Amino acid sequence: MDGASRLVTVELNAAVQAVAREQLGSDVRVTFVAKDGGEWLEGYDGEPFDLVFADTWPGKFTHLERALELVAPGGTYLIDDLFPQPGWPEAHEASVKRLLAELEGRHDFRSVRLAWASGLVMAVRGASESTASS
Ligand SMILES: C[S@@+](CC[C@H](N)C(=O)[O-])C[C@H]1O[C@@H](n2cnc3c(N)ncnc32)[C@H](O)[C@@H]1O
C-alpha cells in the first residue's frame with residue numbers, strides 16, 4: 001500500500017480484530033469495522049475498491065453480487081479456502097461449486113483458479129465494464 005491507499009477490514013469478532021488492531025492500529029490508512037460483513041456490505045456507500053478479499057460467508061456465499069459491485073473497473077475480487085477440507089459441513093462442497101460456476105460464468109469478470117495454499121480464485125473486473133451480466 002502506498003501513502004494514498006486505504007484499507008477497510010470488516011470482522012465480526014472484536015477479540016479477533018484486536019490482534020490486527022494491535023499490529024496496524026496506528027496506521028491511519030486502515031479502518032477497522034467490527035460488525036457483520038453482510039450488514040457492512042449492505043450499508044456501505046463509498047468508493048469502489050481496487051481489491052476485495054472476501055474471506056468469510058458474506059461477500060462470498062452470501063452478498064456475492066454486492067461484493068462484486070464494489071470492485072472498481074480493473075480491480076480484483078479474491079477468495080480462498082476453495083479446496084475440499086475434511087471439516088466442511090455437508091452442503092459446503094456444493095456451495096463452493098455454485099460459487100465457482102457463478103464467478104466463471106460472468107462476462108464482467110475474468111476468473112482464474114490458483115492451485116495454491118487453500119485454493120484461490122482471482123477474478124478481475126473488465127476495465128471498462130461496471131455492471132454484471134449473466
Ligand atoms: C477464514 S477466517 C479469515 C480471517 C483473516 N482474513 C485471515 O486470513 O486470517 C474468517 C473470519 O471471518 C470472521 N467472520 C465470520 N463470520 C463473519 C461475518 N458474518 N461477518 C464478518 N466476519 C465474520 C471470523 O471471525 C474469522 O475471523
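A residue counts as buried when its relative accessible area is under 20%. With that cut-off in mind, this tour moves through a predicted model, beginning at an aromatic group.

**Stop 1: the aromatic cluster**

Select Trp40, Tyr44 and Phe49, which form one aromatic cluster. A search of the whole structure finds 4 aromatic pairs. In one of them, the ring centres of Trp40 and Phe49 lie 6.3 Å apart with their planes at 50°, so this pair is tilted. Tyr44 and Phe49 make another tilted pair, with 5.2 Å from centre to centre and 35° between the planes. Are Tyr44 and Phe49 buried or exposed? Both Tyr44 and Phe49 are buried. For Phe49 the relative accessibility is 16%, and therefore the residue counts as buried. Trp40, at 15% relative accessibility, also counts as buried.

**Stop 2: the nonpolar core**

Keep Trp40 selected and add Tyr77, Ile79, Leu82 and Leu103. These five have the most contacts inside the largest nonpolar core, which has 23 residues. The elements giving two or more residues to this core are α2 (37-43), β3 (49-53), α3 (64-69), β4, α4 (92-104) and β6. Which element supplies the largest share of this core? Helix α4 does, with 4 residues. As general background, nonpolar side chains tend to be buried together in soluble globular proteins.

Next, centre the view on Ile79 and display its surroundings. Leaving aside neighbours within four places in sequence, Ile79 is in contact with Ala54, Lys60, Leu99, Leu103, Gly119, Leu120 and Val121.

From Ile79, step to Val121, which is found in strand β6. Val121 has a relative accessibility of 1% and therefore counts as buried. Not counting residues up to four places away in sequence, Val121 touches Tyr77, Leu78, Ile79, Leu82, Leu100, Leu103, Ser111, Val112 and Arg113. To place Val121 against a distant part of the chain, add Arg29: the two are 92 residues apart in sequence, and their C-alpha atoms are 26 Å apart in space.

**Stop 3: the strands around β4**

Show the cartoon and select strand β4 (residues 71-79). Of the 9 residues in β4, 7 are buried, and the strand is mostly covered. Strand β4 pairs with β3 in the parallel sense over 4 bridges. With strand β6 (residues 120-125), β4 pairs in the antiparallel sense, over 4 bridges.

Thr76, whose place is in β4, is a useful residue to select here. In which residues does one find the partners opposite Thr76? Leu51 stands opposite Thr76, and Val124 in β6 also stands opposite Thr76. Thr76 is buried, because its relative accessible area is 15%. Leaving aside neighbours within four places in sequence, the contacts of Thr76 are Asp50, Leu51, Val52, Val71, Met122, Ala123 and Val124.

Now extend the selection to strand β5 (residues 109-114), which pairs with β6 in the antiparallel sense over 6 bridges. Within this pairing, Ser111 stands opposite Ala123 in β6. Follow the chain through the hairpin of β5 and β6, where 5 residues lie between the strands. Ala117 in this hairpin takes a positive phi near 50°.

**Stop 4: the ligand site**

Select the ligand and the residues that surround it: Glu11, Leu12, Asn13, Val16, Lys35, Asp36, Gly37, Asp55, Thr56, Pro58 and Asp81. Three distances deserve display. An oxygen atom of the ligand is 2.5 Å from an N or O atom in the Glu11 side chain. A nitrogen atom of the ligand lies 3.2 Å from a polar backbone atom of Leu12. For Gly37, a polar backbone atom is 2.8 Å from a nitrogen atom of the ligand.

Finish on Asn13, one of the residues surrounding the ligand. Where does Asn13 lie? Asn13 lies in the loop between β1 (7-10) and α1 (14-24). Its relative accessible area is 37%, so Asn13 is partly exposed. The side chain of Asn13 reaches the backbone nitrogen of Ala15 at 2.9 Å. To close, draw a line from the C-alpha of Asn13 to that of Lys35: the residues are 22 apart in sequence, and the distance is 7.6 Å.

Conventions
Residues are numbered from 1 along each chain as its sequence is written. This is a predicted model: local features need pLDDT of at least 70, side-chain atom pairs count only at pLDDT 80 or more; totals for chains, interfaces and linings use all residues. Side-chain values use heavy atoms; hydrogens and water are left out. Two strands pair if DSSP finds at least two bridges between them. A nonpolar core is a set of buried Ala, Val, Leu, Ile, Met, Phe, Trp, Tyr and Cys residues joined through side-chain atoms within 4.5 Å. Buried means under 20% relative accessible area, exposed over 50%, partly exposed in between (1.4 Å probe, protein chains only). Contact means heavy atoms within 4.5 Å. Rings of Phe, Tyr and Trp (its six-membered ring) pair if their centres lie within 6.5 Å; planes under 30 degrees apart count as stacked, over 60 as edge-to-face and the rest as tilted. A residue is near a molecule or strand if one of its heavy atoms lies within 4 Å of it. A polar contact is a pair of N or O atoms within 3.5 Å; within protein, one must be able to donate a hydrogen and the other to accept it, and residues adjacent in sequence count only if both atoms are side-chain atoms.
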